[in-house]
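Here is a set of exercises to work through with the model open beside you. Try each task before reading its solution.

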Amino acid sequence: MAGESNKISDRVIEAVNAVQAKGIQVAIATGRMYCSALRFHEQVGSTLPLIAYQGAWIQDPVSQKIHQHLSVPSSIALKLLDYFEQPQLRQLLSVHFYINDQLYVRELTEETQIYGQRSGITPIPVGDLRSCLSNEPTKILALCEDSEIIDQLLGNLRLQYTPAELYLTKSVATFFEATNPLVNKGAAVRYVAEELLGLQKTNVMTVGDNFNDVEMLEYAGISVAMGNAPVQVQSIASWVAPNVEQDGVAVAIEKFLLANTEK
């Protein structure tokens with residue numbers, strides 16, 4: 001929903017409000033931290049739980065009930081950290097450990113500071129990240145300005161870990177992300193739709209713009225990819241909207257959810 005400005009546009013908010021006024025509930029599913037995504041949840045007036053960390057953390061902001069929290073075993077987090085700290089990678093990557101909805105880093109790199117400012121959170125530098133692993137991370141992220149390095153990282157680690165061990169994805173071209181193998185936005189959307197609302201997937205519409213949205217797009221009866229989404233992601237969707245900067249979310253809502261009800 002939020003583009004380069006990191007804000008939800010007025011048109012998108014108006015479309016969401018209109019559709020919610022007709023009894024269609026809207027949820028936010030994001031790779032962001034729960035505390036970072038909360039302002040977007042509040043901005044659109046969602047009454048559903050907030051899906052954060054690709055679905056590893058699902059929490060109701062009103063009741064504070066945590067419906068789901070799936071973490072990465074500390075033993076695997078240690079192995080990933082060893083991999084990231086190989087001499088050829090250590091200076092190229094900013095490694096983020098998300099634990100108890102806080103962000104822990106080895107040091108404050110320029111990339112991490114920019115990330116923190118954009119996310120509205122304060123990274124906590126701890127030196128050796130191994131010192132944090134008395135608690136299991138919700139998510140592990142490796143950030144690099146060179147998207148080719150992230151692609152290589154993703155490819156190499158997918159050879160080392162099966163989908164039963166880790167869920168590996170990219171949320172943007174420069175973000176490698178690892179979570180519990182049971183985690184993806186598709187599973188999280190299914191939980192909210194079917195378990196909490198009693199809906200069939202044919203009654204669900206999802207909108208996404210990157211690789212971490214693939215499972216969510218595959219699940220829904222109506223799946224919409226943004227015009228700025230990678231081609232592989234667009235190919236999965238049932239319709240491609242204009243890009244985020246052109247209010248593609250609002251266009252999709254108007255086309256599929258408001259057009260028929262406003263006759």
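**Exercise 1. The E8–E9 pair**

Task: In this predicted model, find which residue of E9 stands opposite Lys170, and describe how E8 and E9 are joined.

Solution:
- Step 1. Opposite Lys170 you will find Phe176 of E9.
- Step 2. Look for another pairing: Thr169 has Glu177 in E9 as its bridge partner.
- Step 3. Take the bridges together: there are four between E8 and strand E9 (residues 175–179), and the two strands run antiparallel.
- Step 4. Follow the chain from E8 to E9, and you trace a hairpin with a connection of four residues.

**Exercise 2. The surroundings of E9**

Task: Decide whether the residues of E9 are buried or exposed, then identify the strand that pairs with E9 through Ile140 and Ala178.

Solution:
- Step 1. Apply the cut-off: a residue is buried when its relative accessible area is under 20%. Five of the five residues of E9 are buried.
- Step 2. Sort them by face. Phe175, Glu177 and Thr179 lie on one side, with Phe176 and Ala178 on the other, and both faces are covered.
- Step 3. Now turn to E7, which pairs with E9 in the antiparallel sense over four bridges. Here Ile140 stands opposite Ala178 in E9.

**Exercise 3. The whole six-stranded sheet**

Task: Write down the strand order of the open sheet of six strands, and work out which strands stand at its edges.

Solution:
- Step 1. The order reads E6-E5-E4-E7-E9-E8, and the pairing is mixed.
- Step 2. Count partners at the ends. E6 and strand E8 (167–170) have a single partner strand each, so each has one side without a neighbour in the sheet.
- Step 3. Add the helix: H6 (residues 147–160) lies across E7, E8 and E9, and runs at about 165 degrees to E8.

**Exercise 4. A hairpin and a crossover**

Task: Follow the chain from strand E4 into E5 and on to E6, and give the handedness of the β-α-β crossover.

Solution:
- Step 1. Strand E4 (residues 94–99) and strand E5 (residues 102–105) run antiparallel and share four bridges. One pairing here is Ile99 with Gln102 in E5.
- Step 2. Check the turn. This hairpin has two residues between its strands, and Asn100 takes a positive phi near 50 degrees.
- Step 3. Move on to strand E6 (residues 124–125), which pairs with E5 in the parallel sense over two bridges. Tyr104 has Ile124 in E6 as its bridge partner.
- Step 4. The path from E5 to E6 goes through helix H5 (residues 110–119), and the crossover is right-handed.

**Exercise 5. The nonpolar cores**

Task: Name the residues that touch the most other members of the largest nonpolar core, and find which element gives the most to this core.

Solution:
- Step 1. This core has 39 residues, and Tyr53, Tyr98, Leu103, Tyr115 and Ile253 touch the most other members.
- Step 2. List the elements that give two or more residues: helix H1 (10–21), helix H2 (34–44), strand E1 (50–52), E5, strand E7 (139–143) and H10. H10 gives the most, with six residues.
- Step 3. Zoom in on Tyr115. Leaving out residues up to four places away in sequence, Tyr115 touches His96, Tyr98, Leu103, Ile121, Leu143 and Phe175.
- Step 4. There is also a second, separate core of 29 residues, with Phe84, Leu129, Cys132 and Leu154 among them.
- Step 5. For background, nonpolar side chains tend to be buried together in soluble globular proteins.

**Exercise 6. A helix length check**

Task: Test whether the ends of helix H7 (residues 185–196) are as far apart as 1.5 Å a residue suggests.

Solution:
- Step 1. Use one less than the number of residues, times 1.5 Å. For the twelve residues of H7 this should span 16 Å.
- Step 2. Compare with the model: the end C-alpha atoms of H7 are 15 Å apart, which agrees.
- Step 3. See where H7 packs. Its buried residues, including Tyr191 and Val192, pack against E1, strand E2 (57–59), strand E3 (66–69), E10 and helix H8 (214–219).

**Exercise 7. The three-stranded sheet**

Task: Give the strand order of the open sheet of three strands, and name the helix that lies across E10, E11 and E12.

Solution:
- Step 1. The order is E10-E11-E12, and the pairing is parallel. Strand E10 (205–208) and strand E12 (239–240) are the edge strands, each pairing on one side only.
- Step 2. Between E10 and strand E11 (residues 222–225) there are four bridges, and Met205 stands opposite Ile222 in E11.
- Step 3. The helix is H10 (residues 248–258), running at about 160 degrees to E10.

Conventions. Residues numbered from 1 in each chain as written. Predicted model: local features only at pLDDT ≥ 70, side-chain atom pairs only at ≥ 80, totals over all residues. Heavy atoms only, no water. Pairing = 2+ DSSP bridges. Contact = heavy atoms within 4.5 Å. Axes fitted to C-alpha atoms, helices over the stretch in contact; angles between N-to-C directions. Right-handed = clockwise from strand over helix to strand, strands pointing away. Core = buried A, V, L, I, M, F, W, Y, C linked by side-chain atoms within 4.5 Å. Buried < 20%, exposed > 50% of the residue type's maximum accessible area, 1.4 Å probe, protein only.
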